[in-house]
Amino acid sequence: MSKTVGDILIGVLDDLGEAELKKFRRKLCDRKQEPKVRRGIVEKADPVDLVDILTRTFTEDGAVNVAIEVLGAINCQDVAEELTEFKKSQGSCVTSGDAMTSATGPKLNKDKHFVDHHRTALIDRVSQVEPLLDRLQDRGIITPNTYSEVRANKTNQKKMRELFDGPLKACGSKGKDIFLDILMELEPFLIRDLKGE
(Lines give C-alpha, C1' and ligand atoms only; values in the text may rest on other atoms or scores of the structure.)
Protein backbone atom coordinates (compact mmCIF):
# COMPACT_ATOMS: atom_id res chain seq x y z
CA MET A 1 0.00 0.00 0.00
CA SER A 2 1.43 3.40 -0.97
CA LYS A 3 2.17 5.98 1.68
CA THR A 4 -0.17 8.91 2.14
CA VAL A 5 0.88 12.54 2.54
CA GLY A 6 0.14 12.17 6.27
CA ASP A 7 2.41 9.10 6.54
CA ILE A 8 5.29 10.92 4.83
CA LEU A 9 4.89 14.03 7.00
CA ILE A 10 4.75 11.97 10.20
CA GLY A 11 7.90 10.10 9.12
CA VAL A 12 9.71 13.36 8.39
CA LEU A 13 8.74 14.95 11.71
CA ASP A 14 9.56 11.72 13.59
CA ASP A 15 13.10 11.93 12.21
CA LEU A 16 13.64 15.39 13.70
CA GLY A 17 15.33 15.58 17.08
CA GLU A 18 13.43 17.11 20.00
CA ALA A 19 15.27 20.44 19.58
CA GLU A 20 14.48 20.57 15.85
CA LEU A 21 10.85 19.63 16.47
CA LYS A 22 10.61 22.50 18.97
CA LYS A 23 12.07 24.89 16.37
CA PHE A 24 9.61 23.55 13.78
CA ARG A 25 6.64 24.28 16.07
CA ARG A 26 7.93 27.77 16.86
CA LYS A 27 8.64 28.68 13.21
CA LEU A 28 5.23 27.30 12.17
CA CYS A 29 3.54 29.72 14.57
CA ASP A 30 5.76 32.62 13.44
CA ARG A 31 4.61 32.40 9.80
CA LYS A 32 3.17 35.69 8.56
CA GLN A 33 0.85 34.16 5.94
CA GLU A 34 -2.73 33.17 6.66
CA PRO A 35 -4.09 30.91 7.96
CA LYS A 36 -1.99 31.21 11.11
CA VAL A 37 -1.37 28.42 13.59
CA ARG A 38 -1.74 29.32 17.26
CA ARG A 39 1.13 28.50 19.58
CA GLY A 40 -1.16 26.96 22.21
CA ILE A 41 -2.39 24.36 19.71
CA VAL A 42 1.07 23.08 18.71
CA GLU A 43 3.05 23.63 21.90
CA LYS A 44 2.75 20.06 23.19
CA ALA A 45 1.90 18.37 19.87
CA ASP A 46 3.82 15.23 18.92
CA PRO A 47 4.54 14.51 15.20
CA VAL A 48 1.17 12.74 14.68
CA ASP A 49 -0.80 15.62 16.25
CA LEU A 50 1.32 18.14 14.37
CA VAL A 51 0.54 16.52 11.01
CA ASP A 52 -3.16 16.48 11.92
CA ILE A 53 -2.99 20.22 12.69
CA LEU A 54 -1.09 20.91 9.44
CA THR A 55 -3.53 19.01 7.21
CA ARG A 56 -6.61 20.47 8.90
CA THR A 57 -5.26 24.02 8.66
CA PHE A 58 -3.69 23.93 5.18
CA THR A 59 -5.18 20.81 3.46
CA GLU A 60 -2.82 17.96 2.48
CA ASP A 61 -1.12 19.79 -0.40
CA GLY A 62 -0.78 22.99 1.60
CA ALA A 63 0.62 21.03 4.57
CA VAL A 64 3.45 19.68 2.42
CA ASN A 65 4.28 23.17 1.12
CA VAL A 66 4.22 24.69 4.61
CA ALA A 67 6.32 21.83 6.02
CA ILE A 68 8.95 22.36 3.28
CA GLU A 69 8.97 26.11 3.96
CA VAL A 70 9.32 25.67 7.76
CA LEU A 71 11.96 22.92 7.46
CA GLY A 72 13.99 25.18 5.18
CA ALA A 73 13.67 28.05 7.67
CA ILE A 74 15.07 25.89 10.51
CA ASN A 75 17.98 24.67 8.34
CA CYS A 76 16.71 21.11 7.82
CA GLN A 77 17.39 21.26 4.08
CA ASP A 78 17.89 17.49 3.66
CA VAL A 79 14.46 16.73 5.09
CA ALA A 80 12.88 19.56 3.09
CA GLU A 81 14.42 18.09 -0.09
CA GLU A 82 13.07 14.65 0.82
CA LEU A 83 9.57 16.14 0.99
CA THR A 84 10.09 18.03 -2.27
CA GLU A 85 11.10 14.76 -3.97
CA PHE A 86 8.00 13.04 -2.58
CA LYS A 87 5.86 15.88 -3.90
CA LYS A 88 7.38 15.53 -7.38
CA SER A 89 7.00 11.74 -7.37
CA GLN A 90 3.30 12.08 -6.61
CA GLY A 91 2.78 14.25 -9.66
CA SER A 92 0.72 16.24 -7.20
CA CYS A 93 -0.95 19.55 -7.86
CA VAL A 94 1.07 20.80 -4.91
CA THR A 95 3.67 22.04 -7.36
CA SER A 96 2.21 24.96 -9.24
CA GLY A 97 2.66 24.89 -12.98
CA ASP A 98 2.74 21.10 -13.42
CA ALA A 99 -0.54 20.93 -15.28
CA MET A 100 -0.61 21.14 -19.04
CA THR A 101 -2.38 24.09 -20.61
CA SER A 102 -5.93 23.20 -21.50
CA ALA A 103 -8.56 25.29 -23.21
CA THR A 104 -11.37 23.74 -21.22
CA GLY A 105 -9.59 22.88 -17.96
CA PRO A 106 -9.14 25.08 -14.92
CA LYS A 107 -5.52 25.97 -15.81
CA LEU A 108 -4.92 28.87 -18.19
CA ASN A 109 -1.15 28.64 -18.36
CA LYS A 110 1.71 26.80 -16.76
CA ASP A 111 2.18 29.24 -13.90
CA LYS A 112 -1.26 30.52 -12.95
CA HIS A 113 -4.38 28.68 -11.84
CA PHE A 114 -7.70 29.79 -13.39
CA VAL A 115 -8.79 31.03 -9.93
CA ASP A 116 -5.65 33.20 -9.54
CA HIS A 117 -5.88 34.48 -13.10
CA HIS A 118 -9.46 35.69 -12.51
CA ARG A 119 -8.96 36.82 -8.90
CA THR A 120 -10.25 40.38 -9.39
CA ALA A 121 -13.32 39.30 -11.38
CA LEU A 122 -14.17 36.63 -8.82
CA ILE A 123 -13.80 39.08 -5.92
CA ASP A 124 -16.05 41.59 -7.71
CA ARG A 125 -18.67 39.25 -9.14
CA VAL A 126 -19.26 36.22 -6.89
CA SER A 127 -22.63 36.78 -5.22
CA GLN A 128 -23.23 33.43 -3.47
CA VAL A 129 -20.47 33.87 -0.88
CA GLU A 130 -22.32 32.29 2.09
CA PRO A 131 -23.15 29.01 0.27
CA LEU A 132 -19.58 29.02 -1.08
CA LEU A 133 -18.19 29.25 2.47
CA ASP A 134 -20.50 26.44 3.64
CA ARG A 135 -19.24 24.12 0.91
CA LEU A 136 -15.59 25.10 1.42
CA GLN A 137 -15.92 24.22 5.10
CA ASP A 138 -17.67 20.92 4.27
CA ARG A 139 -14.81 20.00 1.90
CA GLY A 140 -12.12 20.90 4.47
CA ILE A 141 -10.67 23.84 2.53
CA ILE A 142 -11.43 26.25 5.38
CA THR A 143 -11.63 25.65 9.11
CA PRO A 144 -14.60 26.69 11.30
CA ASN A 145 -12.43 29.55 12.63
CA THR A 146 -11.66 30.84 9.15
CA TYR A 147 -15.32 30.43 8.18
CA SER A 148 -16.33 32.76 11.05
CA GLU A 149 -13.58 35.28 10.31
CA VAL A 150 -14.48 35.52 6.61
CA ARG A 151 -18.22 35.77 7.34
CA ALA A 152 -17.58 38.65 9.76
CA ASN A 153 -16.70 40.93 6.83
CA LYS A 154 -19.51 43.27 5.81
CA THR A 155 -19.41 43.00 2.00
CA ASN A 156 -19.11 40.06 -0.39
CA GLN A 157 -16.01 41.66 -1.91
CA LYS A 158 -14.26 41.84 1.48
CA LYS A 159 -15.24 38.23 2.22
CA MET A 160 -13.84 37.05 -1.13
CA ARG A 161 -10.66 39.09 -0.70
CA GLU A 162 -10.02 37.52 2.71
CA LEU A 163 -10.70 34.08 1.25
CA PHE A 164 -8.10 34.70 -1.49
CA ASP A 165 -5.51 36.21 0.85
CA GLY A 166 -5.76 33.39 3.41
CA PRO A 167 -7.02 29.87 2.77
CA LEU A 168 -6.86 29.91 -1.04
CA LYS A 169 -3.25 31.05 -0.94
CA ALA A 170 -2.39 28.18 1.42
CA CYS A 171 -4.42 25.33 -0.07
CA GLY A 172 -2.48 24.74 -3.28
CA SER A 173 -3.82 23.80 -6.69
CA LYS A 174 -5.98 20.91 -5.47
CA GLY A 175 -7.77 23.23 -3.07
CA LYS A 176 -8.25 25.77 -5.85
CA ASP A 177 -9.64 23.02 -8.09
CA ILE A 178 -12.23 22.23 -5.39
CA PHE A 179 -12.99 25.95 -5.01
CA LEU A 180 -13.53 26.18 -8.78
CA ASP A 181 -15.78 23.09 -8.80
CA ILE A 182 -17.95 24.70 -6.11
CA LEU A 183 -18.07 27.97 -8.05
CA MET A 184 -19.13 26.12 -11.22
CA GLU A 185 -22.00 24.63 -9.24
CA LEU A 186 -23.06 27.91 -7.57
CA GLU A 187 -22.18 30.48 -10.25
CA PRO A 188 -22.19 28.56 -13.57
CA PHE A 189 -22.86 31.61 -15.76
CA LEU A 190 -20.04 33.63 -14.17
CA ILE A 191 -17.51 30.83 -14.67
CA ARG A 192 -18.66 30.24 -18.27
CA ASP A 193 -18.31 33.95 -18.94
CA LEU A 194 -14.76 33.99 -17.49
CA LYS A 195 -13.86 30.91 -19.55
CA GLY A 196 -15.15 32.71 -22.65
CA GLU A 197 -17.81 30.10 -23.36
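A residue is called buried when its relative accessible area is under 20%, exposed when that area is over 50%, and partly exposed in between. With these cut-offs in hand, the reader can follow several charged pairs through this predicted model.

A search of the whole structure finds ten salt bridges, and one of them joins the side chains of E130 and K159, with N and O 2.6 Å apart. This pair links distant parts of the chain, since E130 lies in helix α8 and K159 in helix α10, 29 residues apart. E130 has a relative accessible area of 26% and therefore counts as partly exposed, whereas K159, at 8%, counts as buried. A second bridge that starts from helix α8 is formed by R135 and E185, at 3.1 Å from N to O, and here the partner belongs to helix α12, 50 residues apart from R135. R135 is partly exposed at 29%, while E185, at 52%, counts as exposed. Through shared partners, salt bridges also join E130, R151 and K159 into one network.

Helix α12, which carries E185, covers residues 172–186 and reaches 21 Å from its first C-alpha to its last, close to the 21 Å expected. Eleven of its 15 residues are buried, so that the helix is mostly covered; among the buried ones are I178, F179 and L180. The buried residues of α12 pack against α6, α7, α8, α10, α11 and α13.

A salt bridge within a single helix is found in α4, where R56 and D52 lie four residues apart, about one turn of the helix, and their closest N and O atoms are 3.5 Å apart. R56 is partly exposed at 48% relative accessibility, and D52 is partly exposed at 38%.

How values were computed: Residues are numbered from 1 along each chain as its sequence is written. This is a predicted model: local features need pLDDT of at least 70, side-chain atom pairs count only at pLDDT 80 or more; totals for chains, interfaces and linings use all residues. Side-chain values use heavy atoms; hydrogens and water are left out. Helices (H or I, at least four residues) and strands (E, at least two) are DSSP runs, numbered from the N terminus. The expected span of a helix is 1.5 Å times one less than its number of residues. Buried means under 20% relative accessible area, exposed over 50%, partly exposed in between (1.4 Å probe, protein chains only). Contact means heavy atoms within 4.5 Å. A salt bridge is a side-chain nitrogen of Lys or Arg within 4 Å of a carboxyl oxygen of Asp or Glu.
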